Structures are given as structure tokens and as C-alpha cells.
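Let's take a walk through this fold, beginning with one strand and its neighbours and then zooming out to the whole chain.

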Amino acid sequence: MTHSPHPQEMRDAARLFGRRRFLTVTGAAAALAFSVNLPAAGTASAAELDTRKIKEDPFTLGVASGDPLPSSVLLWTRLAPRPYEAGSGLPRARVEVSWEIAHDARFSRVVRRGKATAHPEFDHSVHIEANGLEADRVFYYRFRTGSWTSPVGRTRTAPARGARNGVLRLAAVSCQAYHDGYFTAYRHLAEEDVDAVFHLGDYLYEYAVDAVGGARKYTDRRLPAHFNHETITLEDYRLRYGLYKSDPDLRAAHAAHPFVVTWDDHETENNYAGDIPENDVPPQEFLLRRAAAYRAYWENQPLRVPQRPTGPDMKLYRRLHFGTLAQFDILDTRQYRSDQAYGDGWQRPGPESEDPARTMTGAAQERWLLDGWRASKATWNVVPQQVVLARRRDVPTDAFKLSMDAWDGYPASRARVLNGAEAAGIDNLMVLTGDVHVHYGFDLKKDFDDPASRTLGTEIVTTSITSGKDGSDRPGSWDNLMRANPHLKFFNGRRGYALVTLGRERARADYRTVSAVTTPGAPVTTAGSFVTEVGNQGLTPA
């Protein structure tokens, strides 16, 4: 019998309350306090640390901001003097942290300030909802504890809900396996002029990272041995975030721009589907792992309180507005989906994958998305999500296969979404996608079998930051995919990110790439640029 890494009391509680909904009653929530472990109130709470005793820099993981609203932005940091150690070098005590947000980087015009508590139960992370801010302007922020001051972060609020804003610049990023290379693309992204960065998943990978950082091949350091195994427990995931977020290029990007984040699979486990793991482990074991992964994700991201998980459940899908120019419906296509058909992978489609009962989003999220479109007054309706929505055949013959993990494995679910957009009168639909470690540009067709059918929108697929190592401009599948999918307008296999500029008359996508990630310092170039017109969707070269 395989030994579980989770404490016995957690496993007992999970087994008692069953496969999926073992947190639906008070008794279950109490029993699982070992895994949820919320800060206690009053005399039961942890002691407070004298911050004068913090002798090492606690801001090793930098700062971040996220989910901008017209009058508010979320500010984040996590205290970690020693991020590669369990507990991050702090005792299990509360730590008082002060924060301030200003009009200028020198903080001569501070507009808001306050104090917060970094709780040990949340691994000394801090999530500040800075409210009462002016719409559509840049702010600078920082944190202090004891004698230590954090790096300065730059953020910005969204335009007012009814504003007639004329332009919005954003970046899309995904898939940053630490062991596959350097985060060079983030260093370049930190220098770009964007209003927000949308992270589309695989912020962290559960796979082992060896002493030399995998493909980074460090010669100036040795990583601790505890990184050299797959993440399973809450401590595992917390330590792995400490490794990733200590990277200077990732810290620079977070400090430069607000992020809007959503996850895919690797933040928990490769290709999991809802409560079904990739590997054959008992369901209660996987849900404990999912609870640990979700908890660590929230602790380490600039997310608001409504996104804080309860056990293995976390409502990550949400909606943001940037004036009347753009509405963003951020999806979660991992937590609620049906299991992949035909055992996953690339398969011939058939009755199992085409079952109309199958769902990528779950019924509640699908209804929320379609209702939001019906109520939308925005020029652009943008859907940041995880896996390729457009049809993607692997070869230009009748013997083609489709990816069962992408929307191709859930065609009825895709049809409901695209038909819902059309029925709602969404004329300017743009989907932002990650996952596949390549740049794609797709037209989203009403009928993928008929290239002349109406183009309902476009899909901008961003390549990975590092995953897949250096890549190439034309991967081996380039010819087959371009011939098999006439709605595929661009394909590049280097690492990088996508820039999207939304305007009142058109949108532009610039596919940015770096030549290498297995060695640091590669320059950034633009591999391709495309536009799509308001009221006349379809990608054309810029």
C-alpha cells in the first residue's frame, strides 16, 4: 500500500465525506481545519512577532498587484526571508505589515496607507484591497515591516465603468516551467507599455526541479534537494512558489504591471479534470492534493478575498470591465470539466467526445458567461482562458486526430459557447489562450468545416514563457497544421508572450518571441503582427 503524504486526520476527514463534496457541512469543514487552517480570532490566534527580530530581508519574493477595478487594486506580497525553507524563515507568528500607495515612485504624494497582518496560516502572505483610488491612472506601492522596505511596485486602476476609453494594451502569458529555462521573456515584458498582464495558466509546474535548475544548468548555486520531487502537499506547493517567485525576471514583471491570473492544470497536476486525477489514486487523496494546490495558489497570487478557496473548491472565474471598450470574462476550464474522452491525448473524435452532456466549464460557469454576454455593453468581449478553443486537426487528411484535452474534446460545450456569443450579439469576440507552448492566431468559425462561414471572433494563443525549452520558428508540425486548418492564420514555436492592443476600430496582436531560454539574456523580437477589425472579425497581417 502506498503511503499518503497527507496527515492521517486529513485523510480520515476526506474519506468520511466522500468523493466530491466533503466540505458541504459544518462537521466536514471542522474536520478539515487541518488542511484549511484559517487564522483564529481572539486569544486563540497566533502570537505576534516583534518585527525588530526580522534580521533578513523578508521581501525576497517581491511585490505584485492584480484585478484592477476603477477605484481599487489588489496589492500582494509574502514575507519570506528564506523562501527555500519550510516556513520561509519565519516563526508561526503574526507579523504586522504596513503599506502605502502613491501617485509617484518617490512617495511624495501618498493617497492611501494602512496596516495589515501577515498570518502564518496563509504562509505570511498579504492581500490588500487598496480602495478609494482614482480611475484609469498609474499608482506606485510598497510594503514595510520592521526595518525592511519592499521593492516599489507600479500598478494602475481600470477606467470608470462608463468611460469612452479609446485604447487598452495588454499582454498574455502562460506556461513557465522553471526547469525548462530562464524567464527572459518576463524581463522584456517588464519594459513593455501595457495596462495589464493576463496569465492564462501553468504559472507553476508540479514536476521535480533538480539541483542545477534543469535546463538552466546553474553553476553558481545548488537548489535544495526537496525541490527534486513532484509537489503533493501544501508545504511542497508553498516551497515551489518560493522557488518560482524568487526569480528576478518574474519579480520584475509583477512589479511593473498588474496581473490578472487564472490557472490551468500544472498548478495542481497535469491534465486533471475536475475531481479526477491523471494518475490512479483514491479520489479523497486527490482532493486533498487539490486543496493544497488551490490554497498555495491563492496565497501566492494577487487575488481578492472572493477567490480564497474553501478546501478543494475555489471560484476563480470572474469578470472585469475596462470602461466601455472591453469586458473580460476570465474562465476556469479545469475545475469543473468532464473527464477527457478516450483516455486523453490526440484521438479520433467519436460518440464519447461528441456527447452533448460533456462540459468544459460546468453548467454554472457556462450560464454565467452567456448571461454576461447578453448584458455586455462593451465594444470588445475578451475571454482569457486556458486551452485551444478553435478546431485543430493534426493532419490534412480524413485520418486526422484532435486533442481531447482542448475544446476539440468537448465540441458540444464549444458549440454552446460560440452559439451563445452569436445569439447575444457579440460582434467583437476575442479569446486569449495558453497551454500549447506555441503562438497561434485563429479565426473562430461558425462552421469549421466551411472556411466561408461567418467568422465569430478571433483566438490569440500565446506561447510559453519557458515550457518546451527554446523551441523553433517552424515546429515539425507546422506544415500539417497550417494545411489542415485554413482558419489558422499564424503559427510560431518560439518562447515569448503576446501583446494585444484593443481600440475602437480594430485590435492588433503582436507575437513577441525570444531566441532562447536555456541561456539567459536573449533579445526579444516580433515574429508576427495581425489586426482584426471592429464589426468585421478575422485576422489579417498588420
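Strand 15 and strand 17 (residues 429-433) run parallel and are paired through four bridges. In that pairing, Val382 sits opposite Met430 of strand 17. Strand 15 has another parallel partner too: strand 13 (residues 326-330), joined to it by three bridges. There, Phe328 is the residue facing Val382 across the pairing, so to speak of Val382 is to speak of a residue with Phe328 opposite and Met430 opposite as well. Keep in mind that this is a predicted model.

Now, is strand 15 covered or open? Mostly covered: strand 15 takes in residues 380-384, and five of its five residues are buried. In a regular strand, side chains alternate between the two faces of the sheet. Here both faces turn out to be covered, with Trp380, Val382 and Pro384 buried on one side and Asn381 and Val383 buried on the other.

Zooming out, the chain holds ten helices and 24 strands. Its radius of gyration is 23 Å, close to the 24 Å that the globule rule gives for 542 residues, so the chain is as compact as a globular protein of that length. The C-alpha trace spans about 70 × 60 × 50 Å along its principal axes.

Burial goes well beyond that one strand: 61% of the 542 residues in the chain are buried. Of the contacts with a separation of 6 or more, 70% link residues 24 or more positions apart.

As for the outside, the chain exposes about 20300 Å², with carbon and sulfur atoms supplying 50% of it. On the charge side, there are 68 positive and 67 negative charges, and their mean positions lie 5 Å apart.

Methods: Residues are numbered from 1 along each chain as its sequence is written. This is a predicted model: local features need pLDDT of at least 70, side-chain atom pairs count only at pLDDT 80 or more; totals for chains, interfaces and linings use all residues. Side-chain values use heavy atoms; hydrogens and water are left out. Buried means under 20% relative accessible area, exposed over 50%, partly exposed in between (1.4 Å probe, protein chains only). Helices (H or I, at least four residues) and strands (E, at least two) are DSSP runs, numbered from the N terminus. Two strands pair if DSSP finds at least two bridges between them. The radius of gyration is taken over C-alpha atoms; the globule rule is 2.2 Å times the number of residues to the power 0.38. Contact means heavy atoms within 4.5 Å. Accessible areas come from the Shrake-Rupley method with a 1.4 Å probe; for residues, only the protein chains shown count as cover. Lys and Arg count as positive and Asp and Glu as negative; His and the chain ends are not counted. The place of a charge is taken as NZ of Lys, CZ of Arg, CG of Asp or CD of Glu.
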